[in-house]
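Subject: A structure to look through

Dear colleague,

I am passing on the structure below, together with some notes on what turned up in it. Please open it next to this message and follow along as you read.

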Amino acid sequence: MTDLVRPARLKPGALIGVAAVSGPVDPGKLAAGVADLEARGYRIRVAQNIGESSGFLAGSDAARADGYRRLLTDPSIDAIFFARGGYGCSRILSRLDPGEAARNPKIHMGGSDLTVLLTWLAQRAGLAT
């Protein structure tokens, strides 16, 4: 296995994108998390689908993939944190391009259902997550 690309460390003032690729996000928990990150000196941008709810998902497969990809390809975003886990992340993998992820190495942080995406990023894009 080749060495994985390690994205740059976060610095004060870094811009963190918050994605929702699985279940819908609780607005109160999101607000608390955003406030905590801002209190630590980070700037926050949330994905456009963050407030969507389509049954047990944070929007359609297309909306969740697009929300993530917009954060991924935005050069001003330094890291992507996931608002929550749950079911649904595996449904968007076919909508992602490993080359796009490799060209835009960012810190990715999350757990639960997101393990499938984190593994995909390591195996297909060569990124440490």
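The accessible surface of the protein chain comes to about 6700 Å², and carbon and sulfur atoms account for 51% of that area. Please keep in mind as you read on that this is a predicted model, so that every value here is computed from predicted atom positions. Of the 129 residues in the protein chain, 43% count as buried.

As for overall dimensions, the C-alpha atoms fill a box of roughly 40 × 35 × 20 Å when it is taken along the principal axes. A compact globule with 129 residues would have a radius of gyration near 14 Å, and because the protein chain has 14 Å, the two agree. The protein chain carries 16 positive and 12 negative charges, and the mean positions of these two groups are 2 Å apart.

If you trace the protein chain along its sequence, you will meet 4 helices and 4 strands, which follow the pattern β-α-β-α-β-α-β-α. Among the contacts with a separation of 6 or more, 79% are between residues that lie 24 or more positions apart.

One residue that illustrates this kind of contact is R64, which has its place in helix α2. Is R64 buried or exposed? With a relative accessibility of 0%, R64 counts as buried, because the limit for that class is under 20%. Once its neighbours within four places in sequence are left aside, R64 is in contact with A20, V21 and S22, with N49, with L57, A58 and G59, and also with G88, C89, R91 and I92.

The other feature to look at concerns aromatic rings, for a search of the whole structure finds 2 aromatic pairs. In one of them, the rings of F56 and Y87 have their centres 5.6 Å apart and their planes at 50 degrees, so this pair is described as tilted. Which parts of the chain does the pair link? F56 sits in the loop between β2 (43-46) and α2 (61-73), whereas Y87 sits in the loop between β3 (79-82) and α3 (98-103), so that the pair links distant parts of the chain, 31 residues apart. The two partners also fall into separate classes of accessibility: F56 is exposed, with a relative accessible area of 51%, while Y87, at 44% relative accessibility, counts as partly exposed.

With best wishes

Definitions and conventions: Residues numbered from 1 in each chain as written. Predicted model: local features only at pLDDT ≥ 70, side-chain atom pairs only at ≥ 80, totals over all residues. Heavy atoms only, no water. Phe/Tyr/Trp six-rings, centres within 6.5 Å; stacked < 30°, edge-to-face > 60°. Helix = DSSP H or I, 4+ residues; strand = E, 2+ residues; numbered from the N terminus. Buried < 20%, exposed > 50% of the residue type's maximum accessible area, 1.4 Å probe, protein only. Contact = heavy atoms within 4.5 Å. Rg over C-alpha atoms; globule rule 2.2 N^0.38 Å. Areas by Shrake-Rupley, 256 points an atom, 1.4 Å probe, with all protein chains shown as cover. Lys, Arg positive; Asp, Glu negative; His and termini not counted. Charge placed at Lys NZ, Arg CZ, Asp CG, Glu CD.
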